[in-house]
Amino acid sequence: MVLTADPIRVGIAYDSLAADYDRNLVPDLWVRRVLWRHFDRHFRAGDHVLDAGCGTGIDTMHLAARQVRVIAVDVSGKMLDELRSKLESTPFASLVDVRHGEINQLAPMLPRSLDGVISSFAALNTVDLATFGKTAAHLLRPGGRLVCHMLSPGHLKPGIRGLLTRRRGALPTSQDEETEIAVGGESLRHLLLGPRATYSRFFSADFVLRRAYAVGFAVPRKIETHLPALALDAVGLLESVVGSFPPFDSLARFFVLDLEKRT
C-alpha cells in the first residue's frame, strides 16, 4: 500500500514557500526549459490543458502566453495568490482558470475532454497516483496527452554517485521507495518510483507510454548555477535522449512520462 501526504499539510508547507518559490527555482530553469520544449510540441493555441499542482504558475504562464487555455490547480492558496498577482499584468489572464484544492477532489468539478494534463516538479510525488491516473484519464479526450514531471529515485543520490550506490543494491527502481522530504518546515511523504514502474503501476491501464526520460543527472547541482544557459540547454537535450535508457532513466533528479490516453 502506498501512503500519500496529507493534502492539508502539503498546502501548509507550500504556503510557507510561496513568496520565494520562483527565486529558489532559478537554478532549475534549464530543467524547466526541457519540459517547456516538450509541452510546446504537443499543445497549441486554443488547446485546453490542466496544470495539476501548478504552484506559482510558472508552467501555466508559459502555456497561456502561447494562447493555451489553462486550468491551474494547487492545494496551496498562497502559491495561487502569487499566480493571480502575475496574471494581473498580462494580456492573457482570461485564459487561466485558477482553482484551489487537491486535484483528485476537484476532478468532479472540472471540464472534460481536455487536450492535456501536465504536472511538474514533484507535485505528483505526494499525490494518490492510483486515483490521479483515473482522474487524468477521465478528464482527457481520447488521444489527449498527460505529461508528468516527477522526482525520481535518483533525487536522493543523482548521477554517478547514484549509479555506484545502485550497483551495491540500494535505491531500487522497480519497487516502492517512500521517503520523508522536508518542505517548508513540514516533513512530507514522497513516493520515489522509477519511470517505468510508475507507468506500469498507475497509468498503463488508460494510457500508452510514448516517452520516458530523465533530466538532471549530468550536471551536479553545485555547478549548474555557474554554467551559461546555452550549455545547460545543450545538456538538457542530451539528457532527454540518453536519459531514455536504463539505468539513467532513474538516476536523475527528475523524470518525464509522456502518456497518451488510449482511444
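**Local environments and sheet architecture in the predicted model**

Thr126 is located in the loop that connects E4 and H7. The structure is a predicted model, and the description below starts from this residue before turning to the helix, the sheet and the chain. With a relative accessible area of 9%, Thr126 falls under the 20% limit and therefore counts as buried. Its side chain reaches the backbone oxygen of Ala123 at 3.5 Å. When neighbours within four places in sequence are set aside, the contacts of Thr126 are Thr4, Ala5, Val10, Arg189 and His190.

The loop leads into helix H7, which comprises residues 129-139. Asp128 caps the N-terminal end of this helix, a side-chain oxygen lying 3.2 Å from the backbone nitrogen of Ala130. Within H7, the buried residues include Leu129, Phe132 and Gly133, and Thr135, Ala136, Ala137 and Leu139 are buried as well. In an α-helix there are 3.6 residues a turn, so residues three or four places apart point the same way. H7 lies across strands E1 (48-52), E4 (114-119), E5, E8 and E9. Relative to E5, the helix runs at about 145 degrees.

The strands crossed by H7 belong to an open sheet of seven strands with mixed pairing, in the order E3-E2-E1-E4-E5-E9-E8. Strand E3 (96-100) and strand E8 (207-215) form the edges, each pairing on one side only. From one strand to the next, the twist averages 15 degrees. Strand E5, spanning residues 140-151, pairs with strand E9, spanning residues 254-261, in the antiparallel sense over seven bridges. In this pairing, Met150 stands opposite Phe255 of E9.

A second residue examined in detail is Asp115, which is placed in strand E4. Its relative accessible area is 16%, again under 20%, so Asp115 is buried. Two polar contacts of its side chain were identified. A polar atom of the Asp115 side chain lies 2.8 Å from the backbone nitrogen of His48, and a polar contact of 2.8 Å links the side chains of Asp115 and Arg141. Leaving aside neighbours within four places in sequence, Asp115 is in contact with Phe43, Asp47, His48, Leu140, Arg141, Gly144 and Arg145. The C-alpha atoms of Asp115 and Val49 are 5.8 Å apart in space, although 66 residues separate the two in sequence.

At the level of the whole chain, 11 helices and nine strands are present. The radius of gyration is 17 Å, close to the 18 Å given by the globule rule for 263 residues, so the chain is as compact as a globular protein of that length. Along the principal axes, the C-alpha atoms fill a box of roughly 50 × 40 × 35 Å. Buried residues account for 55% of the 263 residues. Of the contacts between residues at least 6 apart in sequence, 75% join residues at least 24 apart.

The confidence of the prediction was also considered. The chain averages a pLDDT of 88, and 91% of the residues score at least 70. Over residues 158-175, however, the pLDDT is below 50; this stretch has 29 contacts in the model beyond near neighbours in sequence. Where pLDDT is low, the predicted coordinates should not be read in detail.

Terms used
Residues are numbered from 1 along each chain as its sequence is written. This is a predicted model: local features need pLDDT of at least 70, side-chain atom pairs count only at pLDDT 80 or more; totals for chains, interfaces and linings use all residues. Side-chain values use heavy atoms; hydrogens and water are left out. Two strands pair if DSSP finds at least two bridges between them. Helices (H or I, at least four residues) and strands (E, at least two) are DSSP runs, numbered from the N terminus. Axes are lines fitted to C-alpha atoms, for helices over the stretch in contact, and angles run from 0 to 180 degrees between N-to-C directions. Contact means heavy atoms within 4.5 Å. pLDDT is the predictor's confidence in each residue, from 0 to 100. Buried means under 20% relative accessible area, exposed over 50%, partly exposed in between (1.4 Å probe, protein chains only). A polar contact is a pair of N or O atoms within 3.5 Å; within protein, one must be able to donate a hydrogen and the other to accept it, and residues adjacent in sequence count only if both atoms are side-chain atoms. The radius of gyration is taken over C-alpha atoms; the globule rule is 2.2 Å times the number of residues to the power 0.38.
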